[in-house]
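The paragraphs below walk through one protein structure, from the whole chain down to single residues. Keep the structure in view while reading.

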Amino acid sequence: MFAGFWLSEPATFAAMRHRFQPQPDLHVTPIEKIRLPLKSRDELPPILAGLQWLWSHPTLKADILALLEARILAGKQRTGRPGMDLWQILVLGVVRLGLDADWDRLEHIANYDTLVRQMMGLPATPWADEEKHFGHQTLRDNVALLDEELLQQINAHIAAAGREVFAKKAGAPVAALEVKVDSYVLETDVHFPTDLNLLWDAGRKCVDLIEGLLASGLALPGWRKFKAWRRQLKACERTASRIVYRGGPHKEARVKAAVREYLAVGRDLSAKVRQSLLGLCDQPVDTARWERLAYFHAMLDKHLDLVERRLLKGETIPAHEKVFSIFEPHTEWIQKGKQRPNVELGHRLLIATDQHQLIQDYAVLMRQAEVDQSVPVAGRLLGRYGAGSVASLSFDKGFTREADRELLSLYIPEVVMPKRGKKNAAEAQRESGKAFMALRRQHSAVESEINSLEHHGLNRCLDVGLEGYRRYVGLGVMSYNLHVIGRELLRRQRARGQPLALAA
């Protein structure tokens, strides 16, 4: 029987971990012999087929587990209670993004889904008395051990090995890459921001944190009516918002009166929180909790200033001073010229897909323009696969820069980069060529792949913070690629009329 590979508390992270269970229980089906359904239309079987392919690959599994071991176990003692296996962490991260699941659903899947438990190397009967369950926090803390750099390396290995699956014959050389590059906005999980509701967010979080500190037994005089502060601030926010975003007679005067009242309550609250922050310096309060309260207090002061300047003084706030979410301050305000939605909140995600729909390269663009990305993408692909490995590279007009096109043409036979605006005779002739036209028509396939990515978790990031955002992207790309590979393997097995069991 497996002994103690569940964690009951985060403090066990530094404990001993295994890559996978080398001597599994007799009730455990070997991963390479798991029989996956061929006729199911659910998203899960292709993902599991991709994971089964990864497990059975002659070199890929060892390479990826070595990367996981080097990063997660670096500098940690191999003593104490065993932690979750590295293979299990990888499986759960992939399944979560592949099914676009939240942590509650992942907890259910990890504990009660037979196929997923078999893929993790566990018995398929979690309700047995001797079996324990994965806890909600255990799942969160273990998957969070994966970081952006590690996932970039793993995804590069999977994308390279995945090309072999689509070779015409087993052992045949892989075809040169035909790459399509585009970007879209992966949103952060935030509400639409206004100065007024961001001020309310900052104020209510200050009150919420004060309430938590009071509940922990700390002495904070003057907060007996903290609920009244929350109600009063919310009432002022609602009143001001109604007047600002509706019409009516004497609107300007009513707006200023409502905003002054809102600011007065906000300033009183800010002064009270500042006094409490000073008082906490002499008490045994956790540093992280103090810093969190100080952060939201700073956000409260910032938005008191922004609301006064914009609505009372009539100033235009410069873009660099704006914050679009106090919970995800890295969020960008992005307008891509679309009608719906005309504004998106998040970051641009650049992807480069090949002729087999595999994502060969990706990057989160932090306040970077698309036009600056064509040469870096080509450099990463050529650096990974070598000269002559890329047959074509296509972009849309947002990436067009003549100097970049000329540079890329020295290393890549076909570069599709349509010119914006009027073309001269030479440009029109180049873009009317048979190869150029064919590749430009094929470029639209990247939109379908973006749509598939959005349905596999990368539509809105549910993780918190910039580090969580980047990890979410890496896991989403891995899940997507394994889904594409698993879908192809299942298709072949259906054609043969056999259940998928790679070593059967």
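Begin with a helix and its surroundings: the buried residues of α16 are covered by elements that include β1 (177–188), β3 (344–353), β4 (359–365), α15 (434–443) and α17 (465–496). Helix α16 itself runs over residues 445–455, and its buried residues are Val446, Glu449, Ile450, Ser452 and Leu453. Around the axis they take up an arc of only 160°, so they sit on the same side of α16. Just after this helix comes Gly457, which has a positive phi of about 100°.

The model is a predicted one. Stepping back to the whole, the protein chain has 17 helices and seven strands. Its C-alpha atoms fill a box of roughly 75 × 75 × 40 Å along the principal axes. The chain counts 504 residues, of which 50% are buried. Among its contacts with a separation of 6 or more, 71% join residues that are 24 or more positions apart.

The outside of the protein chain can be described in a similar way. About 24,100 Å² is exposed, and carbon and sulfur atoms supply 52% of that area. The chain carries 71 positive and 61 negative side chains, and the centres of these two sets are 4 Å apart.

A second helix to look at is α2, residues 60–72. With 13 residues at 1.5 Å a residue, α2 should span 18 Å, and this agrees with the 18 Å between its end C-alpha atoms. Which residues of α2 are buried? They are Leu60, Lys61, Ile64, Leu65, Leu68 and Ile72. Viewed down the axis of α2, these buried residues fall within an arc of 115°, and therefore they line one face of the helix. The elements they pack against are α1 (44–56), α3 (86–98) and α7 (148–165).

Single residues add detail. Arg309 belongs to helix α11, which covers residues 287–312. Is Arg309 buried or exposed? Its relative accessible area is 13%, and because buried means under 20%, Arg309 counts as buried. Leaving aside residues up to four places away in sequence, Arg309 touches Gly314, Glu315, Ile317, Pro318 and Glu321.

Glu32 is placed in the segment before α1. Its relative accessible area of 23% makes Glu32 partly exposed. Glu32 and His157 are 125 residues apart along the chain, and their C-alpha atoms are separated by 20 Å.

Two further residues concern the backbone. Most residues other than glycine have a negative phi. His250 is not a glycine, yet it has a positive phi of about 55°. The residue is in the loop between α9 (226–244) and α10 (251–280). With a relative accessibility of 66%, His250 counts as exposed.

Arg367 also has a positive phi of about 55° without being a glycine. Where does Arg367 lie? The residue is in the loop between β4 and α12 (374–385). Its relative accessible area is 60%, and Arg367 is exposed. Strand β4, at one end of this loop, is among the elements that cover the buried residues of α16.

Technical notes:
Residues numbered from 1 in each chain as written. Predicted model: local features only at pLDDT ≥ 70, side-chain atom pairs only at ≥ 80, totals over all residues. Heavy atoms only, no water. Helix = DSSP H or I, 4+ residues; strand = E, 2+ residues; numbered from the N terminus. Buried < 20%, exposed > 50% of the residue type's maximum accessible area, 1.4 Å probe, protein only. Contact = heavy atoms within 4.5 Å. Areas by Shrake-Rupley, 256 points an atom, 1.4 Å probe, with all protein chains shown as cover. Lys, Arg positive; Asp, Glu negative; His and termini not counted. Charge placed at Lys NZ, Arg CZ, Asp CG, Glu CD. Expected span 1.5 Å × (residues − 1). Arc of directions from axis to C-beta.
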